[in-house]
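This report considers how two chains are arranged and how they meet. It then turns to a pair of helices within one of them.

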Number of protein chains: 2
Amino acid sequence: MGIVVQKFGGTSVADSKKIKNVANAVIKEYKNGNQVVVVVSAMGHSTDYLINLAGEITQKPDNREMDMLISSGEQVSMALLAMAIHEAGYPAVSLLASQVGILTESVHNRARIIDVKTEKLEKHLSENKIIVVAGFQGITKEGEITTLGRGGSDTSAVALAVALKADRCDIYTDVRAVYTADPRYVPKASRLEQVSYIEMLELARVGANVLHPRSVETANQFNVPMRVRSSFYLDDPGTLIIGVEDMEIYRPVNGVAADKSQVRIAILKVPDQPGIAARIFGALSKNNISVDMIIQSLEEDNANNIAFTVDETDLNSTLSILEEVRMNLGAKEIVVDNDIAKISIVGAGMIDRPGIAASMFEALAEQNINIKMIATSEIKISCLVEKERAHEAVRALHSKFELDDENAEADKVKL
Amino acid sequence: MGIVVQKFGGTSVADSKKIKNVANAVIKEYKNGNQVVVVVSAMGHSTDYLINLAGEITQKPDNREMDMLISSGEQVSMALLAMAIHEAGYPAVSLLASQVGILTESVHNRARIIDVKTEKLEKHLSENKIIVVAGFQGITKEGEITTLGRGGSDTSAVALAVALKADRCDIYTDVRAVYTADPRYVPKASRLEQVSYIEMLELARVGANVLHPRSVETANQFNVPMRVRSSFYLDDPGTLIIGVEDMEIYRPVNGVAADKSQVRIAILKVPDQPGIAARIFGALSKNNISVDMIIQSLEEDNANNIAFTVDETDLNSTLSILEEVRMNLGAKEIVVDNDIAKISIVGAGMIDRPGIAASMFEALAEQNINIKMIATSEIKISCLVEKERAHEAVRALHSKFELDDENAEADKVKL
């Protein structure tokens with residue numbers, strides 16, 4: 001008996017049949033004696049539908065009105081889910097973020113949650129009701145509706161779990177578990193029974209789009225156990241995400257991922273003087289562009305080459321900002337490389353074990369895959385390689401670090 | 001220079017092209033120097049779509065969750081309209097009923113507005129913004145979302161006009177004006193330049209579905225001039241709805257309408273004793289069934305026949321309630337007549353002019369149309385006739401009371 005937060009994404013509530021299925025998953029937890037709070041995303045492609053409608057009207061929709069528009073999607077799915085729970089004979093009530101009091105900063109389209117009021121939630125839980133909450137949305141203290149950005153419903157779920165001191169936060173998705181690599185490209189990818197928050201975070205950042213990084217960060221900060229599981233296989237425990245200190249076993253490398261959505265930009269021959277990097281990356285951050293890998297190398301005649309990667313959707317705005325910076329700095333030129341993929345190995349276990357980086361480079365060399373750029377953190381090593389060799393590189397590394405599951409393919413058929 | 005409230009129904013905002021058209025209508029008022037508050041309904045058939053979704057999940061949706069579900073529709077149209085106004089280069093902000101503070105009673109599906117807060121509206125108006133408000137919805141003082149029932153957006157518009165002491169409340173709809181009869185059945189129906197609140201109210205009640213009666217009642221109570229007009233003919237002034245005392249001219253009869261949605265129920269041979277009618281109609285009203293015409297006639301052996309009409313959608317529930325009442329009262333039997341249409345003539349001018357009823361009966365007799373039941377009020381006379389002769393009856397009365405417009409057909413082509 002405890003509080004369980006469950007989150008169901010858009011594909012899990014895509015139509016009325018699937019919503020009934022979700023109602024069963026919810027009722028299963030409730031019948032186990034738990035107090036249940038459910039967070040839902042908008043139905044299937046309904047958010048895309050709304051975004052297209054806006055696109056028919058304007059190419060530059062106002063951020064505030066966009067939040068107003070798309071936050072209507074969760075209102076639909078949550079009301080329908082509450083009805084489906086009623087229909088099955090159980091008490092339920094749906095609540096908008098504004099009704100719960102999910103307070104965010106006053107930023108539209110990608111607000112961060114700053115507080116979750118628990119008064120109304122606790123009142124309904126004390127009346128033994130299942131509570132269905134609209135994910136992805138929040139409200140500012142001025143009463144403006146905000147949205148949390150991509151994957152925001154995961155963050156809503158974790159924030160509710162933290163506020164209610166929930167025992168568990170289960171994220172239901174369209175995969176059965178977190179895998180050591182993307183099963184679409186790595187047939188021998190194996191299931192992870194457990195993965196640590198920091199590994200999950202690094203995996204999320206390098207293209208394993210199972211969970212939104214911000215939700216994992218928050219769960220890590222407040223030590224809320226998360227579980228990734230499938231709404232179509234309710235008996236499958238999925239993958240548990242916990243602190244490194246709570247992990248039963250850990251391997252040096254727990255996952256391999258490829259991110260093909262980045263481009264590399266280099267500014268060549270920047271005169272060597274203090275504050276250069278700050279000027280370049282300050283200008284980008286002011287324009288809200290996230291930079292990933294950064295490398296600076298000193299060339300001969302006292303000039304630097306600075307290279308970094310950004311998401312390809314930010315390429316044009318990055319270039320226009322950078323051209324101004326280049327002229328001011330007197331740098332020679334800007335070079336763009338589109339043909340890259342970032343391959344990363346992630347593992348909390350690599351901290352104590354030397355030689356992991358060397359093994360990674362060796363594995364790529366064995367396949368004759370050229371490395372264009374390298375970046376390392378405590379639990380992750382990333383290399384840029386040619387885009388078309390990305391999956392080959394992932395498979396080689398997956399095998400090198402003994403992650404292959406020889407029985408995996410049979411398991412995948414059941415997915 | 002004044003405050004104008006404009007209301008656009010679902011057909012006026014059915015797609016992005018129509019929403020842009022509405023933006024033009026709004027901007028036209030704004031450029032005339034007015035402060036503009038716009039009330040919108042949900043897009044086209046979107047409410048039906050949501051109701052169908054609910055129907056796929058349950059046959060008995062919870063009223064609260066139904067309000068949660070369908071109130072999402074206005075959120076979409078209002079955000080899109082605000083975007084379209086921005087796109088045309090004018091300032092706009094959309095507000096939900098909860099953000100404005102449109103307070104209603106704590107009843108779901110057909111709540112009445114009890115107060116409209118003006119603070120937020122006045123703040124945005126003082127910043128010269130066009131305000132787009134979600135129609136049809138409200139909020140209780142406990143923060144629950146309610147809806148106002150059929151035609152509720154008209155009521156939202158009038159309530160906002162009253163609260164803001166607006167100079168005008170323009171209801172844009174898919175007709176160009178209010179006509180003396182339904183132009184689909186009466187080719188010679190003529191436009192009304194002006195009509196009084198009480199006439200409009202009676203016309204609405206007898207099947208001229210241009211405006212929701214509650215909105216007209218409210219406008220009458222607070223003396224807000226309403227105008228019915230077309231969003232596709234912005235230069236057409238439509239029909240002005242004002243107090244009888246403000247009308248420039250008035251005819252004894254201003255409109256003829258047919259309502260084919262009623263059935264007549266009769267309880268035969270009810271023993272004559274006090275309180276019988278109260279018992280019958282008390283039982284119906286307790287079950288929220290609206291009764292329209294009521295006639296009681298004293299038969300020979302101290303027994304009454306009581307006949308009345310209800311909307312055909314209420315027939316089954318009426319019969320089951322009535323059967324119990326019949327047994328308790330010892331009445332003989334219950335008889336249902338489905339084959340009826342209620343034909344009404346409406347006119348504030350009939351108060352001072354005798355002989356209007358006689359002319360009505362005469363006109364029907366001339367066509368050999370049998371009258372099954374008669375009811376009169378100060379400004380309306382209604383007769384039940386056979387359903388299949390309804391339109392013929394309307395045309396005969398329209399002609400009798402000199403409402404025919406010989407040039408009307410040419411005008412109608414332009415509709």
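## Relation of the two chains

In this predicted model, chain A is superposed on chain B by a rotation of 179° with 0.0 Å of shift along the axis, and the RMSD is 0.2 Å. The two chains are therefore related by a two-fold axis. Within chain A, A:Ser72 has the C-alpha nearest the axis, at 2.7 Å from it.

## The contact between the chains

Chain A and chain B each give 28 residues to the contact. On the side of chain A that touches chain B, the elements giving two or more residues are α1 (16-31), α2 (46-57), α3 (63-70), α4 (72-87) and α5 (97-100). Of these, α4(A) gives the most, with ten residues.

By class, this side of chain A has 14 nonpolar, nine polar and five charged residues. Of the interface residues of chain A, 100% are also interface residues in chain B, so the copies meet through the same surface.

## A pair of helices in chain A

Helix α12 (residues 356-366) and helix α13 (residues 390-400), both of chain A, have axes that come within 9 Å and cross at roughly 130°. Because of this angle, α12(A) is oblique to α13(A). Their crossing is right-handed.

From α12(A), the residues making the contact are A:Ser359, A:Met360, A:Ala363, A:Leu364 and A:Glu366. Those from α13(A) are A:Ala393, A:Ala396, A:Leu397 and A:Lys400. Sorted by class, the contact between these helices has six nonpolar residues, one polar residue and two charged residues.

Notes
Residues are numbered from 1 along each chain as its sequence is written. Chains are lettered from A and ligands numbered from 1 in the order in which they are written. This is a predicted model: local features need pLDDT of at least 70, side-chain atom pairs count only at pLDDT 80 or more; totals for chains, interfaces and linings use all residues. Axes are lines fitted to C-alpha atoms, for helices over the stretch in contact, and angles run from 0 to 180 degrees between N-to-C directions. Helices (H or I, at least four residues) and strands (E, at least two) are DSSP runs, numbered from the N terminus. Angles under 35 degrees count as roughly parallel, over 145 as roughly antiparallel, 65 to 115 as roughly perpendicular and the rest as oblique. A crossing is left-handed if the near helix is turned anticlockwise from the far one by less than a right angle, and right-handed if clockwise. Two residues are in contact if their C-beta atoms, placed from the backbone, lie within 7 Å. Ala, Val, Leu, Ile, Met, Phe, Trp, Tyr, Cys and Pro count as nonpolar, Asp, Glu, Lys and Arg as charged, and the others, Gly among them, as polar. Copies are superposed by least squares on the C-alpha atoms of residues with pLDDT of at least 70 in both.
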